[in-house]
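Q: I am new to this structure and would like to learn how to read its features. Where should we begin?

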Amino acid sequence: QVQLVESGGGTVQPGGSLRLSCAASGRTSTLYGMAWFRQAPGQERDFVAHIRWTDGSTTLEDSVKGRFTISRDNAKNEVYLQMNSLKPEDTAVYYCAATWRYYSNSYYYTKQIPYDDWGQGTQVTVSS
């Protein structure tokens, strides 16, 4: 189990940028990967991005490709989500999640099932 704390949310105008951070503490030595999900009011929690802890390989949801980047700092046990060219439809609470589970098909990491621990969330609002 790990404790996850997100930071970096806020309000930004369309076209602006934000960088979210997620600090992990606890059992991180055998971590397989971490991810960002988001949940807009009245909507389900949706996948945004995943990064494999060992080699940094990434998976991004189609609507954020070319705008968002996920990265990690293994020494600090932190994962980041750089969000550029933000749109009003990006408005949501963003959650960090961690998994120790291995699946040969990376499709499963776009679902909530593999993730055992979640942060408390950070609000991102894109509005003029």
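**Reading the model step by step**

A: Begin with one pair of side chains: Arg 38 forms a salt bridge with Asp 90, and their closest N and O atoms are 2.9 Å apart. This pair links distant parts of the chain, with Arg 38 in strand 4 (residues 33-39) and Asp 90 in the loop between strand 8 and strand 9, 52 residues apart. Keep in mind that the model is predicted.

Q: What is the general idea behind such a pair?

A: Side chains of opposite charge can pair when their charged atoms come close. In this structure there are five salt bridges. Another one joins the side chains of Arg 67 and Asp 90, at 2.7 Å from N to O. Here too the partners come from distant parts of the chain: Arg 67 sits in the loop between strand 6 (58-60) and strand 7, Asp 90 in the loop between strand 8 and strand 9, and 23 residues separate them.

Q: Which residues are linked in a network of salt bridges?

A: Arg 38, Arg 67 and Asp 90 form that network.

Q: Is Asp 90 buried or exposed?

A: The cut-off for buried is under 20% relative accessible area. Asp 90 has 1%, so Asp 90 is buried. Arg 38, at 13%, is buried as well, and Arg 67 is also buried.

Q: How do Arg 52 and Asp 55 compare with that cut-off?

A: Their side chains meet in a salt bridge of 2.7 Å, N to O. Partly exposed covers the range between under 20% and over 50%. Arg 52 counts as partly exposed because its relative accessibility is 26%. Asp 55 has 46%, and therefore counts as partly exposed.

Q: What is the usual sign of phi?

A: Most residues other than glycine have a negative phi. Asn 77 is not a glycine, yet has a positive phi of about 55 degrees. Asn 77 lies in the loop between strand 7 (68-73) and strand 8 (78-83). Ser 85, also not a glycine, has a positive phi of about 50 degrees. Its place is the loop between strand 8 and strand 9 (92-99), and Ser 85 is partly exposed, with a relative accessible area of 39%.

Q: Which residues is Thr 122 in contact with, beyond its neighbours within four places in sequence?

A: To read contacts, look past the sequence neighbours. Thr 122 is in strand 11 (residues 122-126) and is buried, at 11% relative accessible area. Apart from neighbours within four places, Thr 122 is in contact with Glu 6, Ser 7, Gly 8, Gly 9, Leu 20, Ala 92, Val 93 and Tyr 94. With Gly 9 there is a particular detail: a polar atom of the Thr 122 side chain lies 3.2 Å from the backbone nitrogen of Gly 9. Thr 122 and Cys 22 are 100 residues apart in sequence, while their C-alpha atoms are 9.9 Å apart in space.

Q: How many helices and strands does the protein chain have?

A: The protein chain has zero helices and eleven strands. Its radius of gyration is 14 Å, close to the 14 Å that the globule rule gives for 128 residues, so the chain is as compact as a globular protein of that length. The C-alpha atoms fill a box of roughly 45 × 25 × 25 Å along the principal axes.

Q: What share of the residues is buried?

A: Of the 128 residues in the protein chain, 42% are buried. The accessible surface comes to about 6500 Å², and carbon and sulfur atoms account for 45% of that surface.

Definitions and conventions:
Residues numbered from 1 in each chain as written. Predicted model: local features only at pLDDT ≥ 70, side-chain atom pairs only at ≥ 80, totals over all residues. Heavy atoms only, no water. Helix = DSSP H or I, 4+ residues; strand = E, 2+ residues; numbered from the N terminus. Buried < 20%, exposed > 50% of the residue type's maximum accessible area, 1.4 Å probe, protein only. Contact = heavy atoms within 4.5 Å. Polar contact = N/O pair within 3.5 Å; in protein donor to acceptor, adjacent residues only side chain to side chain. Salt bridge = Lys/Arg side-chain N within 4 Å of Asp/Glu carboxyl O. Rg over C-alpha atoms; globule rule 2.2 N^0.38 Å. Areas by Shrake-Rupley, 256 points an atom, 1.4 Å probe, with all protein chains shown as cover.
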